[in-house]
Amino acid sequence: MSTDTTLNPRTGMDVDSFREDIKQHLHYTLAKDKYSSTDWDQYRSVVLAVMDRLHDRWINTQQSYYQNESKRVYYLSMEYLIGRLMDNMLINLGMQDVAAEAIEEVGFDYDKVREAEVDAGLGNGGLGRLAACFLDSMATLGVPALGYGIRYDYGIFDQDIEDGWQVEKPDMWLQYGYPWSVVRPKKKYTVQFYGETTASEDSNGRLHYDWVNTHNVSALAYDTPIPGFQNEVVNNLRLWKATSDEGFDLKSFNQGDYIEAVRSNLLEENISRVLYPNDKVFKGQELRLKQEYFLVSASLQDAMNRFKKQFDDLRKIPDQMAIQCNDTHPNLAIPELMRMLMDLEGLEWEPAWDIVSKTINYTNHTLMPEALEKWPLSLMSNLLPRHVQIIREIDRRFLNSIDISDDRDKKNRMRIISNEMDARVRMGNLGIIGAKKINGVSELHSDLMKKTIFKDFADHYPEKFTNVTNGITPRRWLRQCNRELADLISDRIGDNWVTHLDQLQEVEQFAKDEDFQSEFKEIKLSNKQKLADYIKDTMGVTVNPESIFDIQIKRIHEYKRQLMALMHVITLYNRIKDNPNADVEPRTLLFAGKAAPGYTMAKLHIKLINSVAEVINNDPEVAPKLKVLFLPDYSVSLAEKMIPAANLSEQISTAGMEASGTGNMKFALNGALTIGTLDGANIEIREQVGKDNIFIFGHTVDEIEKVRAQGYNPQEIYESDEELKKVIDQIHDGYFSPDNPNLFHPITNALLNQGDYFMVLADYRKYVEKQEEVEANYQDEFDWNRKAIINVANMGHFSSDRSIRDYCERIWDVEVNQ
């Protein structure tokens, strides 16, 4: 079926067809007209018109994969932070301008239609945003891929700020439905929990296991199309919703107990109810483990079903399927695929293990041992008894295969099930033993992974470990969020960079061009004014768009060191107070991010940011030169407003603790300069843009290790640095919390009395000095813009298209078709 249609109101790519299709959907699908329709109705009618143009491409793409017997990539992730989709869909279809004109002709306001869309509540942070970028790139490169996730009823939470404190409220992103998804009522799989296993011999004397007396839940598929950039390819994101497998309890209902009649249904639907339940209590742990297995079981059943429609020989699975586990969360795929191959397909252990270990791959996203999942064996045994049997056997065979009998500690470190009273299943170890390839997400992270948390495994399996540095999609993170800059670049070098980001290097020739610089500067100022208008509209605060927009947006966590950025601002505040007539460059420091609901210290940091902002922003002597703001409810859509407006990108995590980061890439691509430590992808950014075009400071990983070994004493730093001492004393003594002087004692105690684990004091002075360089450089407008343009020009390496090419070549053995 051809998709090259015009003047067809359902599929035409011209203004007239698109306009008429919107009107038809508004009238016949939604039973509304332009007088009675709400913003949501108008948005939905536009979405339905876009979906009409995707459906042929979607169907044709899947048919071509089937007919060509293409090897497919199955990407398993607990999160997909896809943001709003309307602009992204239109850009990838090549009809954003056509749609804008058609929408206006219908009598709708394009911006209002766009703003009616809510961010999908499917992710929390970088892990989910990376997965979303990868989906875009896989479609753009024509990689036969399918993303699997969970269709959460509620996202992580909506963040309000009340009296400076984070307050969590339900993220009801589905309250009006989600028009980008198509439910597949017949695409259901049964997922088992609990029960027990029985063993019996078949006629050949082979031992066969059955998982019986289980509690069953159904996984219902919802599909969202993922179009590539103007290439007719539409891949699929399949999300699973938990539904009852038992139906309505008619007996209880007939006896007058309606609550009991639906209780089972409600409990089962809880599995997909909310993203990331609190895992600090037993019930929360159980629900999270249920979610992880629910994702894995439904996805592997779906993948196997697709495989068996075409092939009879199970040995072909590694040639037809590449399964990628995005972090440890989906690593239950290893015992689950073993169970399916042995218990359901009748394979012996050795051929089943050969298939599994050639099919499944594992991406690690953390260097912190405490962040690696370790499930209580007792919990997993109760919930997944057959899987624990398989994991025990994987563990036994692995331990027998390694010759380290004289090193008991090493053997204990490498076993999957920990050898302790409260035994735990180490999901990272399981992933390494069962996977074909294990990759880190930046050069530093991959190197440290092999030297630290997984050193024993890297020594044993050197061939398994590789690196794929993270990337970002230029379609969303430049073409969509910064249209003016994208157009300026295209005007000078053409628009091929949108799919070949390395071509941005041609922009470097304009770094000293006064005309280009002038346009570049005006675009940045325009983006800053838009953000200033947003802040005024939503927070009632006026900020100066001519000031340095110094921005730190990321999850609120001690290792990301929002505290150090805030301490620098207090230092600037004190300097202005001491010398009100000093010639300083006005600065606006903007924070955004969410703290996990149970992370007390991170939430206290948010309160401190808001308390400091309250003092600084209301001091008439200081406010014209310095502003501090915490923008609530951080999301992809808010990032799209903040990133193009940034002059300075804060990437200041403790060295060795940020696996990669992708915010650092997005800022640099949009013309911000980075101040950061040699951590994560900052190292590779410095290699690409040049050490003179980035502001690097602070202790390196090796230096931190040395300082710790010598005995780090933050008290000595506190006593020897008067500016630092004053800042900490102000926080401690209640200068920013006069009604509750003791409020921030946990923060100062962590710095001075509990070892300052994240080395804030150790890096403070170097950070302040580097910020002085920033200010001096910003005053040289020509040189600052030259450096910013060089940053933009050298971001080609950080395209998620390059990341996916690396996965295809180094891990998946899949050909890129575009």
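In which loop is Asp163 found? In this predicted model, Asp163 lies in the loop that runs between β3 (158-162) and β4 (165-169). Its phi is near 55°, which is a positive value in a residue other than glycine. Asp163 is also exposed, with a relative accessible area of 65%, a value that can be set against the cut-off of over 50% for exposed residues.

A second residue that is not a glycine, Gln230, likewise has a positive phi, in this case of about 50°. Gln230 is placed in the loop between β8 and β9 (234-244), and with a relative accessibility of 48% it counts as partly exposed.

The strands β8 and β9 that flank the loop of Gln230 also belong to an open sheet of nine strands, in which the order is β5-β8-β9-β2-β1-β10-β11-β14-β15 and the pairing is mixed. At the edges of this sheet stand β5 (182-193) and β15 (465-467), each of which has a single partner strand, so that one side of each is left without a neighbour in the sheet. From one strand to the next, the twist averages 25°.

At the edge formed by β5, the partner is strand β8 (residues 215-227), to which β5 is joined by nine bridges, the two strands running antiparallel. Within this pairing, Lys188 stands opposite Leu220 in β8. Helix α16 (residues 427-434) packs on the sheet, where it touches β11 (360-363), β14 (438-440) and the edge strand β15, and the direction of α16 makes about 135° with that of β11.

Another helix, α20, spans residues 483-493, and among its residues Leu485, Ala486, Leu488, Ile489 and Ile493 are buried. When α20 is seen down its axis, these buried residues fall within an arc of 160°, and they therefore line one face of the helix. The packing partners of the buried residues of α20 are four helices, namely α19 (474-480), α21 (514-539), α25 (663-669) and α32 (781-793). Just after α20 comes Gly494, which takes a positive phi of about 85°. Positive phi values are thus described for Gly494, for Asp163 in the loop between β3 and β4, and for Gln230 in the loop between β8 and β9.

Note on methods. Residues numbered from 1 in each chain as written. Predicted model: local features only at pLDDT ≥ 70, side-chain atom pairs only at ≥ 80, totals over all residues. Heavy atoms only, no water. Pairing = 2+ DSSP bridges. Axes fitted to C-alpha atoms, helices over the stretch in contact; angles between N-to-C directions. Contact = heavy atoms within 4.5 Å. Buried < 20%, exposed > 50% of the residue type's maximum accessible area, 1.4 Å probe, protein only. Arc of directions from axis to C-beta.
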